[in-house]
Amino acid sequence: VIDQSQEVATFATCMNCVEGRVQLPIIHWIKQNYKVDFVDMITDVGIVNKIANKDIDMSLLLPSMDVSVDVNLSSRIFLVAHHNCQGNPVDDETQKRELHAAVDCVKELFPSCQVYGLWVDNNEEIRKIIEK
């Protein structure tokens, strides 16, 4: 029996690099700044680069995205790029340009969601650099 008096948990979706050093800081930052209970993580090596340059078949990511957005009712999607990414070994400015392109791509797929581009610098400081 489900207790209907309990509040429904809130979710956000995060498309992040697999590198472990950026996982927890990003989860904590999203939960703190957007007041969500849980962050659904969708990870791949250099994911922002792959989305921006269309080097990944988005249909492979869509089942996970659909569960997060349609089942868990996430209305916010975060894409994360970070300094010294081993999966995308390019300079920071290139990664930030790719982040803008990846946000545009995801926004086209999920127009009803707010889509954010986050940057993690060399001091593990997190900054929102784009929102659509």
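How far apart are the mean positions of the 12 positive and 20 negative charges of the protein chain? They are 5 Å apart. Lys and Arg count as positive, Asp and Glu as negative, while His and the chain ends are not counted. Each charge is placed at NZ of Lys, CZ of Arg, CG of Asp or CD of Glu.

This is a predicted model, in which local features need pLDDT of at least 70, side-chain atom pairs count only at pLDDT 80 or more, and totals for chains, interfaces and linings use all residues. Residues are numbered from 1 along each chain as its sequence is written, and side-chain values use heavy atoms, with hydrogens and water left out.

**View 1. The whole protein chain holds four helices and five strands.** Helices (H or I, at least four residues) and strands (E, at least two) are DSSP runs, numbered from the N terminus. Their order along the sequence is β-α-β-α-α-β-α-β-β. The C-alpha trace spans about 50 × 30 × 25 Å along its principal axes. The radius of gyration of the protein chain is 15 Å, which agrees with the value near 14 Å for a compact globule of 132 residues. That radius is taken over C-alpha atoms, and the globule rule is 2.2 Å times the number of residues to the power 0.38. Of the 132 residues, 45% count as buried. Buried means under 20% relative accessible area, exposed over 50%, and partly exposed in between (1.4 Å probe, protein chains only). The protein chain exposes about 7,300 Å², and carbon and sulfur atoms supply 50% of this area. Accessible areas come from the Shrake-Rupley method with a 1.4 Å probe.

**View 2. Strand S3 (residues 76–82) pairs with S1 and with S4.** Two strands pair if DSSP finds at least two bridges between them. S1 (residues 11–16) runs parallel to S3, with three bridges. Met15 stands opposite Leu79 in S3. S4 also runs parallel to S3, joined by seven bridges. There, Leu79 has Gly117 as its bridge partner. Six of the seven residues of S3 are buried, so the strand is largely enclosed by the rest of the structure.

**View 3. Strands S4 and S5 form a hairpin.** S4 (residues 114–120) and S5 (residues 126–131) run antiparallel and share five bridges. Leu118 has Lys128 in S5 as its bridge partner. Five residues lie between the two strands. In the turn, Glu124 has a positive phi of about 65°.

**View 4. Lys96 sits in helix H4 (residues 92–109).** Lys96 counts as buried, at 15% relative accessibility. Beyond its neighbours within four places in sequence, Lys96 is in contact (heavy atoms within 4.5 Å) with Trp119, Arg127 and Ile129.

**View 5. Lys35 and Lys54 each have a positive phi.** Phi is near 50° at Lys35 and near 55° at Lys54. Lys35 lies in the loop between helix H1 (23–34) and strand S2 (38–43). Lys35 is exposed, with a relative accessible area of 66%. Lys54 lies in the loop between helix H2 (47–52) and helix H3 (62–71). Lys54 is exposed too, with a relative accessible area of 62%.

**View 6. Ser64 belongs to helix H3.** Ser64 counts as partly exposed, at 40% relative accessibility. Ser64 and Asp40 are 24 residues apart along the chain. Their C-alpha atoms are separated by 8.8 Å.
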